[in-house]
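Me: I am new to this structure and would like a close look at one part of it. Could you walk me through the lining of the largest cavity, and then show me what else there is to see around it?

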Amino acid sequence: PASTLDELVALCKRRGFIFQGSEIYGGLQGTYDYGPLGVELKNNLKQAWWRRNVYERDDMEGLDASVLTHRLVLHYSGHEATFADPMADNRLTQKRYRLDHLLKEQPEGVLRRLYRTMEAEEGDLHALVQAMMRAPERAGGAMTAAGVLDPASGEPGDWTPPRYFNMMFKTYVGPVEEEAALAYLRPETAQGIFVNFKNVLDSTSRKLPFGIAQIGKAFRNEITPRNFIFRVREFEQMEIEYFVRPGEDEGWHRYWVEERLRWWQEMGLSRENLVPYQQPPEELAHYAKATVDLLYRFPHGLEELEGIANRTDFDLGSHTKDQEELGISARVLKNAHSTARLAYRDPDTGKWFVPYVIEPSAGVDRGVLALLAEAFTREELPSGEERIVLKLKPQLAPIKAAVIPLARNRPEITGYAKALKARLQALGLGRILYEDTGNIGKAYRRHDEVGTPFAITVDYDTIGQSKDGTTRLKDTVTVRDRDTMEQIRLHVDELEGFLRERLSW
Ligand code: ATP
């Protein structure tokens, strides 16, 4: 696996996986663009998720809701009031930090002094942040007095009282920039699922339990985007809202934690690098009954890849009309605007109730980063040379096979290779590349680095011009395996079966 983010960033730029957003104008912080190979890898990951969670199940429907979101959706969801991170500014450097990130980077002595002044339990960073937000004026002074260091300069700072910063991006719909036209870019895909609950239920006649799955962009004005594509301002999520009867929620929550853990392993992440973390009660969001984060050992540390929350009836309960008639257990804002009853009528008893929901919510970009980190391999060859190989699962590799003509100036060979590429492409197994850049050694090295599992070479034997004057190798090609570097010779008619076996899910 990769030992630093830097070596991944370098590979991604060099080979065309991921570039800084708006790079030629100095970059737009917290945005990244997926290049020719990145877009393939990301699409493959999303497709694998969709296949597993929608196509292979009999209790799931898909959805693609809009990014632009009515203000009331994010009002009643609670985001307008609470989707905020605490931040503090250093008056000396004019730099701004998310409070918990800032504290995490402080030397122990500094932190100990803060715990003491803020009277928070030693070692509990979460409690410290909360104590500071309860008394921001005192916290600002305490940070300065304790010598909290500015991570950028390494020098002590002069800290402002911390305050909350709402992370939602606002925009205006229509020609007039006025309050009434305010809308949000969604900060998560989930709300689009909740507000469509009745639409999906009515149009599909689903019975509980069932889920709705969605993949799409989300936007958060992160205070400190960092660690490459780990924390960005525009990203993608793969989210499921799985609706169940109250009372069956805990069992389903356990089920989804196991299922998601299993799936990430099938994508190639190793079990040792995946750590399920049960959030302690004091860390839980106000609406969650239980949350298990799947942490991954990224090169920059052990951090959240996916969160799986039991959100009870909070979400549907927040967005439904007739709240008082439905016996909602979560504490929700009184909804004066909703026009839909987001509830379920028990087919046996005829009674209405609001389903509970289990939410497995994964970051696509964090998934891509984890796959890249896990697959990145440096190997020393017998010759003493080093090679970098991206040992991605073949099904996820951006390019499934490269078809390489051994001689670029021989039309019989290039023509044969092009026709073979077209024939293999038609199998529908993903991208097959006709590769005629550079010499064969360079092509192999490049395809090792981008994770292409098979390199197929068309040579003189293939076109029936063997050195020994025979045509016994006509219509055979060499197939080189990325991981073992071994080459075998196959008849072109065998390629279909060979590739299908290795590239199908
Ligand atoms: P964090 O604590 O790291 O800020 P979060 O707990 O706020 O994340 P959720 O709201 O649970 O994240 O979002 C679900 C998933 O969306 C996360 O597990 C992560 O994979 C992804 N995600 C959230 N914020 C970002 C971001 N800024 N950049 C990339 N992915 C993100």
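Reply: The residues that line the largest cavity divide into five nonpolar, one polar and five charged. Please keep in mind as you look that this is a predicted model. The cavity itself has a volume of about 60 Å³. To find its walls, start with Thr31, Tyr32 and Tyr34, then pick out Lys42, Lys217, Ile229 and Val232. The list of lining residues is completed by Glu234, Phe235, Glu236 and Asp365.

Which elements give two or more residues to this lining? They are β2, which covers 32–34, and β11. Of the elements, β11 gives the most, with three residues.

Two names from this lining lead us on to the ligand. Val232 lines the largest cavity, and Val232 is also among the closest residues to the ligand, together with Glu222, Arg231, Glu304 and Leu305. In total, 16 residues surround the ligand. Sorted by character, this shell holds five nonpolar, four polar and seven charged residues.

You can look at some of the contacts one by one. Arg220 places a polar side-chain atom 3.0 Å from an oxygen atom of the ligand. Glu222 does its part with a polar side-chain atom that lies 2.8 Å from a ligand nitrogen atom. At Leu305, a backbone N or O atom lies 2.9 Å from an oxygen atom of the ligand. Taken alone, the ligand exposes 600 Å², and the protein buries 82% of that.

The second name to carry over is β11, the strand at 234–244: β11 is one of the elements that give two or more residues to the shell around the ligand, alongside β14 (301–310) and β17 (356–363). Here the largest share, four residues, comes from β14. For the lining of the largest cavity, in contrast, β11 gives the most.

Is there another cavity to set beside this one? A search of the whole structure finds two cavities of 30 Å³ or more. The second largest cavity holds about 30 Å³ of space. Its lining is made of Tyr444, His447, Asp448, Thr452, Pro453, Phe454, Ala455, Arg480 and Arg482. These residues divide into four nonpolar, two polar and three charged. At least two of them come from each of α15 (440–450) and β22 (454–458), and α15 gives the most, with three residues.

Last, have a look at an open space, the second largest pocket. About 370 Å³ of space lies in this pocket. Its lining has 24 residues, and those nearest its centre are His70, Leu72, Val73, Val195 and His319. Two or more lining residues come from each of β4 (68–70), α3 (71–76) and α9 (190–195). Among the elements, α3 supplies the largest share, four residues. The lining of the pocket divides into ten nonpolar, twelve polar and two charged residues.

To place all this in the chain, it helps to know the domains. The protein chain is divided into domain 1 (36–72 + 170–372), domain 2 (84–166) and domain 3 (399–503). The C-alpha centres of domain 2 and domain 3 lie 58 Å apart.

Terms used: Residues numbered from 1 in each chain as written. Predicted model: local features only at pLDDT ≥ 70, side-chain atom pairs only at ≥ 80, totals over all residues. Heavy atoms only, no water. Near = heavy atom within 4 Å. Polar contact = N/O pair within 3.5 Å; in protein donor to acceptor, adjacent residues only side chain to side chain. Areas by Shrake-Rupley, 256 points an atom, 1.4 Å probe, with all protein chains shown as cover. Nonpolar A, V, L, I, M, F, W, Y, C, P; charged D, E, K, R; others polar. 1 Å grid on protein atoms, 1.4 Å probe; cavity = no way out; pocket = protein on both sides within 12 Å on 5 of 7 lines; lining within 4 Å. Points joined across faces, edges and corners; volume = space filled by probe spheres on them. Domains from an automatic or database assignment.
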